[in-house]
Amino acid sequence: MKKSVFLLPVLALSFAFSAFALDLTAAKSQGLVGETASGYLATVKNSADAKSLVDSINAKRKAKYEQLAKKHGITLAQVEQQAGKKALQKTAKGHFVKVNGKWVKK
């Protein structure tokens, strides 16, 4: 019985922390992250949560880009360039993009 009483607060805390986890939409809306011409995200403002999110998403993007490059017989750089171009075009108004090394709101 004592174990279950102890686990309830721990479980409640773990759910509370996951509810505050930053997602990409929120991070973009808050101006914490933005798209770059390289096909990857970057942090606009220093934030540990934003950095962690960017690292996680960029790792997934790179894996997908490598898969696409292999499938189509092109280089990773070519896929990254095309992905970056599309990401910049698709970025919603009010979100950040990096243009000529500077962050600008679209």
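## A walk through the fold

The lining of the largest pocket mixes residue types: 5 are nonpolar, 4 are polar and 5 are charged. That pocket belongs to a predicted model. Let us stay with the pocket for a moment, then move on to the rest of the chain.

How much space lies in the largest pocket? About 230 Å³. Its lining consists of 14 residues. Q82, A83, K86, A87 and K90 lie nearest the centre. Which helix gives the most to the lining? Helix 4 does, with 7 residues. Helix 4 covers residues 76-90, and helix 3 covers residues 48-72. Each of these two helices supplies at least two residues of the lining. The idea behind such a search is simple. Rolling a probe the size of a water molecule over the atoms shows where empty space is left.

Now step back to the whole protein. Its secondary structure comes to 4 helices and 4 strands. Read from the N terminus, the order is α-α-β-β-α-α-β-β. The protein has 106 residues, and 27% of them count as buried. Its accessible surface comes to about 7,600 Å². Carbon and sulfur atoms account for 62% of that surface. Contacts also link distant parts of the chain. Take the contacts between residues with a separation of 6 or more: 39% of them join residues 24 or more positions apart.

Next, go inside. In soluble globular proteins, nonpolar side chains tend to be buried together. Here, the largest nonpolar core has 8 residues: A27, L32, V33, L41, A50, L53, V54 and I57. Helix 3 gives the most to this core, with 4 residues. Apart from this core lies another one, of 5 residues. Y40, Y65, A69 and V79 are among its members.

Pick out L41 from the largest core. L41 lies in strand 2, which spans residues 41-43. Is L41 buried or exposed? Its relative accessibility is 5%, under the 20% cut-off, so L41 counts as buried. Which residues does L41 touch, leaving out those up to four places away in sequence? They are L24, K28, G34, E35, V54, I57, N58 and R61. I57 deserves a second look. L41 and I57 are 16 residues apart along the chain, and their C-alpha atoms are separated by 7.7 Å.

V54 is another member of the largest core. Setting aside neighbours within four places in sequence, V54 is in contact with V33, L41, A42 and T43. The pairing of V54 with L41 thus turns up in the contacts of both residues.

A26 gives a different kind of example. A26 is found in helix 2, residues 24-29. Its relative accessibility is 25%, so A26 counts as partly exposed. Where does A26 stand relative to A50? The two are 24 residues apart in sequence and 10.0 Å apart in space, C-alpha to C-alpha.

Finish with N100, in the loop between strand 3 and strand 4. Strand 3 covers residues 96-99, and strand 4 covers residues 102-105. Is N100 buried or exposed? Its relative accessibility is 78%, so N100 counts as exposed. The backbone of N100 also calls for attention. Most residues other than glycine have a negative phi. Phi of N100, however, is near 50 degrees, a positive value in a residue other than glycine.

How values were computed:
Residues are numbered from 1 along each chain as its sequence is written. This is a predicted model: local features need pLDDT of at least 70, side-chain atom pairs count only at pLDDT 80 or more; totals for chains, interfaces and linings use all residues. Side-chain values use heavy atoms; hydrogens and water are left out. On a 1 Å grid over the protein atoms alone, a cavity is a set of points where a 1.4 Å probe fits but cannot get out, and a pocket is an open set with protein on both sides within 12 Å along at least five of seven lines; lining residues have an atom within 4 Å of a point. Grid points are joined across faces, edges and corners, and a volume is the space filled by probe spheres set on the points. Ala, Val, Leu, Ile, Met, Phe, Trp, Tyr, Cys and Pro count as nonpolar, Asp, Glu, Lys and Arg as charged, and the others, Gly among them, as polar. Buried means under 20% relative accessible area, exposed over 50%, partly exposed in between (1.4 Å probe, protein chains only). Contact means heavy atoms within 4.5 Å. A nonpolar core is a set of buried Ala, Val, Leu, Ile, Met, Phe, Trp, Tyr and Cys residues joined through side-chain atoms within 4.5 Å. Accessible areas come from the Shrake-Rupley method with a 1.4 Å probe; for residues, only the protein chains shown count as cover.
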